[in-house]
Protein chains: 2
Amino acid sequence: MPSKTAIASIPLATVRYCGLMAEFSFHIHKTDGRARTGEIRMARGTIRTPAFMPVGTAATVKAMKPDDVRAAGADIILGNTYHLMLRPGAERMARLGGLHRFMNWPHPILTDSGGYQVMSLGALVKMREEGVSFQSHVDGAKHFVSPERSIEIQRLLGSDIVMAFDECTPFPATRERAESSMRLSMRWAKRSRDEFLKSDQGALFGIQQGSMFPDLRQESADKLQEIGFEGYAIGGLAVGEGQQAMFEVLDYAPGMLPAEKPRYLMGVGKPSDIIGAVMRGIDMFDCVLPTRSGRTAQAFTLGGTLNLRNARHAEDSGPLDAGCPCPVCASYSRAYLHHLFKAGEMLGAMLLTEHNIWHYQDLMRGLRDAISKGKVEAFARDRLSRYSAAAE
Amino acid sequence: MPSKTAIASIPLATVRYCGLMAEFSFHIHKTDGRARTGEIRMARGTIRTPAFMPVGTAATVKAMKPDDVRAAGADIILGNTYHLMLRPGAERMARLGGLHRFMNWPHPILTDSGGYQVMSLGALVKMREEGVSFQSHVDGAKHFVSPERSIEIQRLLGSDIVMAFDECTPFPATRERAESSMRLSMRWAKRSRDEFLKSDQGALFGIQQGSMFPDLRQESADKLQEIGFEGYAIGGLAVGEGQQAMFEVLDYAPGMLPAEKPRYLMGVGKPSDIIGAVMRGIDMFDCVLPTRSGRTAQAFTLGGTLNLRNARHAEDSGPLDAGCPCPVCASYSRAYLHHLFKAGEMLGAMLLTEHNIWHYQDLMRGLRDAISKGKVEAFARDRLSRYSAAAE
């Protein structure tokens, strides 16, 4: 746990969070093969694992009210540091009482470090040992983010789980590129930890890099444990390598990280990705897929994915997914959802996002339950066979 | 009430509604000057009057879930026959069980006749004695709507309050144009009634026309009462004449209609329009203003209208409207709403639409309560002085 050192450098608005947020513990209740189920306990709430975190990029899980995100079963959401530092801005957010209050989500929030999106969304990006300078995609303003500034921003936002600042190594990468990128990320991880320890707000997760090279993944895992974190993320996956290549890394990478700490696979993924990753020892996930798909008429169901724009749904008075416990499936027909998307009505995106978030949370409930009962293999086999029904 | 004549021509899917929907009665509990408060009782629910009906154009009150529309206090919503006949189509809607089931709104629905929007939104519109032919703005398909077809469509949708098919006389109109337009509408009103009486579904309202000419308004009112309707609408207002000219008509037009039947002012309006119209004896309203404004960052508050995009809200941690009982004002700041609109987030439209609908329903609650207590003048004076605070 972070030490209780000087808080003199913390802006006034966040000081009141400090006592609240220093609590962090992970309890594994049951393992089944390499899969584990348990809970992370934090001051703002308990996170049941394996957990899926809906993405709330710009201080909103797009097209959903926070009460509905919670009702779907989400214990924690993710906020994007890059977007929030540009708009409304970290200092402004702190003056407004922090991200939780701003967006009316009193439960835990994990923030990414901003590194990935600075490098993929920023313009005129320049990376140096010190940090990264770039221009905002919002207004063209110049910004500089270092490990220290990333941690400061996340503290200003009021984050419960802070991520170390790193470079997400692009895929594919030569061994040389993967090595130098990983080593830079490890130096930044140390600087992130040093900055983080200046306050006692929440938890800090380190991020393993190393691309597709087992020895680099091992070196990264060793470096991170030497520094010491409350949890460990696996980075540099879900960047175009495909499920098979990802699973090959997940066959060994989680085992390099301490078993008693939460493991978080960043930016993953499709339901079948999540099932495969849970079977390989992952505890936490985030992905824009359920929310983004909800806005583009793509539905996740127990019978595979559906495109609600497809004309075959126009007179289908049945629910989107007969096996789904969500309020959307209880009250609306496929025909109605089809109509809303054809008519360009916002309610289409609202309802389908809600259903998709329920689908993901229901999958996590199913996985937790199956692991508890020692039946995760059978659960996974059943789910995967359903999902493999022809996608539209 | 409509007679129980042959139902042979009614499509199968709507037959089951018939017994359910023949109930309609209006009870005035209290009058205060010309203002009245009471309730309309129908099989699907009771409508407290004066009532504001949120507009659900394409089978959705835009950006709101129906449960939230209900929670705001709406007893009835309006559906647009023109939009629904084009998409998803009246016969398809009937096959899917009707509009209530389709959109998950089990409470009363009033449908307009389609006439106004055929003539304002259709292309290549041709009007004859028989009816109106036009091309769809959705797919260019040719359509024909007559009084008979309009009533049939509204029956297929499952409407609780059906509107007679009419021509909304454009403003300004010469006396000659206003007279011939009104007389056509009265012939169509008779044909609408004849068609309506072939089933016993719900209630049919006639629509008074006559533009700004008192003798034409009187002739129209007389014709409508000769035919006989469950309620009477005042049409041809809120078409650009301005509040003063509208109130001049409302000083006499409602008194030409039977006092014991509901009076509905179509397409109105701003809160101050509604207050002035209630004081002149109107019982029902509909308008897109609260929903449309909600999508364009315009807020109705007790301190006047606000534009949430205005930079002065960027660091305002206070609620949108301190006096508002709505869930949005209870949980979100002006700064957050400002952020959502600046970031182009759908949640901005969702929350502001909800607030605006609450504001309108709260105004109607206030009016009903004030009339009950014989204090509508004082209530109106107080509200109007607040609303006149500088708008943004």
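Chain A superposes on chain B by a rotation of 180 degrees, with 0.0 Å of shift along the axis and an RMSD of 0.0 Å. The fit is by least squares on the C-alpha atoms of residues with pLDDT of at least 70 in both copies. This is the relation of a two-fold axis. Within chain A, A:Met346 has the C-alpha nearest that axis, at 3.9 Å.

This is a predicted model, in which local features need pLDDT of at least 70 and side-chain atom pairs count only at pLDDT 80 or more, while totals for chains, interfaces and linings use all residues. Residues are numbered from 1 along each chain as its sequence is written, and chains are lettered from A and ligands numbered from 1 in the order in which they are written.

How do the copies meet? Of the interface residues of chain A, 97% are also interface residues in chain B, so the copies meet through the same surface.

Now look inside chain A. Domain 1 spans 21–287 and domain 2 spans 294–381; these bounds come from an automatic or database domain assignment. Their C-alpha centres lie 27 Å apart. Across the boundary, 25 residues of domain 1 are in contact with 22 residues of domain 2. Contact means C-beta atoms, placed from the backbone, within 7 Å.

Which elements build the domain 1 side of chain A? β1 (24–32), β2 (35–42), β4 (51–54), α3 (66–71) and α12 (271–278) each supply at least two residues. Helices (H or I, at least four residues) and strands (E, at least two) are DSSP runs, numbered from the N terminus. α12(A) gives the most, with four residues.

By class, this side of domain 1 has 15 nonpolar, four polar and six charged residues. Ala, Val, Leu, Ile, Met, Phe, Trp, Tyr, Cys and Pro count as nonpolar; Asp, Glu, Lys and Arg count as charged; the others, Gly among them, are polar.

Terms used:
Contact = placed C-beta atoms within 7 Å.
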